[in-house]
Amino acid sequence: TDLGLTARKIPRTYREYRSDPNSHNWWSGMLREMAAHEEMGTWEPDGVTEASVLARGKTIITVKWVWDLKVDSLTNLVDLWKARLVGRGFEQSPDDFLEIYAGVVRYSTVRMVCAMAAMRGWECTCMDVCTAYLQAPLTGDVEMYMYIPEGFERFGPNGERMVHRIRMALNGLRQSANEWGAVLSSWLMGEVDVKAGAAKNSIIFARSGTDPQMFIHISDLGTIIVLVYVDDLLIFSSCPVLRATFAESICARFKMKDLGRTIKALGMDFSQDLDGRFLKLCLKSYLVGVGERFSISPVECLETPLTKAIVTQCEQAKPSEREISECIDFYSKATGVVIFAASTCRPECGFAAHFMSRFMHRPSSYHCKMARRVLGYLVGTANFGVVYNGKSLGISGGLQVEQDKDDFRVPIP
């Protein structure tokens, strides 16, 4: 499908979806989503009346549709019209959940394993879990109910609206990410599976003591390391046979999509050369989007993120309450972009991220000017990143940070 201006208008409400000229395409995505829920048994098929549930003091949550487009980055054509059913988790009561922690691997761990992979010539591949949360049941004595979404409503014989008990970790519930993480980690480590008769893991992993979302397996065949970021898996393996065995095993247990060698993951772009033992991480794709989002012009793409004069101005600024209210939205969003860049693969922006964070509660026009300069620097140097060259320093490896000279950036040895 050609992605024209009309197709770019993604509906935000059910009313907008009904009036959208591409409603038939969005409907196909909604049908796929409902089929997935029926297959996974997200809710009990037999409904009960709303009044009977409320009489027992149980929670009933509403749900909403969220639409999005999957676009081919090369052809700019629509690959998939996506619709996701999301529960309104803020309607849950405190008795409906215990843990809400979502397991994500640290970016420092990702960089460390990437350096090891470059040194040893390991391939970095990735896998994506399809409808991850729906593959994890709600544990404990949780009893929650939900309304069937708009377009698929169900009513009783007397016209009363029916509700259904939730069985699986629906997107939007506060505990869903935690439930999914528990299921995946227990399977990786060969523990008892919550799904009776499920395919067992043929490769048993050990959980890292430094990062709970890093799982390691070492055998005579070789080494395989799995990094988990909710439903994204980064896999580093020294042996193709070991990696293939793991992929076959996990695909037999969960609905997975094997994406092969990593090109994009966790917001970063990956570039690998196994023969040359070279691996580069950058944020080019992300920063191109940042330039469009904040309307960064080529004139603003400077060679340094900050100057002493700008730092002095910002430290001495005393904004009024009106100025703060006008600047705080843009400034907080810009600061988030810089923090993400500095914490992933743009370490030379570490000072800028730290300095900008000091003024998030009281930004002025000077701070917004500074923020646009830092964003312009990032967009103008989108190809910059961290390069791991496994051959440059032998077994100890080599780390290169592409950067220019600046008072606020310290070279990494």
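Strand 14 and strand 15 (residues 278–282) run antiparallel to each other and are joined over 5 bridges. This pairing belongs to a predicted model, and the briefing sets out its strand pairings and hairpins. Strands of a sheet pair through backbone hydrogen bonds, in either a parallel or an antiparallel sense.

**Strands 14 and 15**
- Within this pairing, Asp273 lies opposite Phe278 of strand 15.
- The two strands, 14 and 15, make a hairpin in which 4 residues separate them.
- Arg277, located in the turn of that hairpin, has a positive phi of about 50°.

**Strands 13 and 14**
- Strand 14 (residues 268–273) also pairs with strand 13 (residues 264–265), in the antiparallel sense and over 2 bridges.
- Ala265 is placed opposite Met268, a residue of strand 14.
- A hairpin is formed here too, with 2 residues between strand 13 and strand 14.
- In the turn of the hairpin of strands 13 and 14, Leu266 has a positive phi of about 55°.

**The open sheet of 4 strands**
- An open sheet is built from 4 strands arranged in the order 1-7-6-2, and its pairing is mixed.
- Its edges are occupied by strand 1 (48–49) and strand 2 (59–61), each of which pairs on one side only.
- The edge strand 2 is paired with strand 6 (residues 144–147) in the parallel sense, over 3 bridges.
- Across this parallel pairing, Thr59 faces Met144 of strand 6.

Note on methods. Residues numbered from 1 in each chain as written. Predicted model: local features only at pLDDT ≥ 70, side-chain atom pairs only at ≥ 80, totals over all residues. Heavy atoms only, no water. Pairing = 2+ DSSP bridges.
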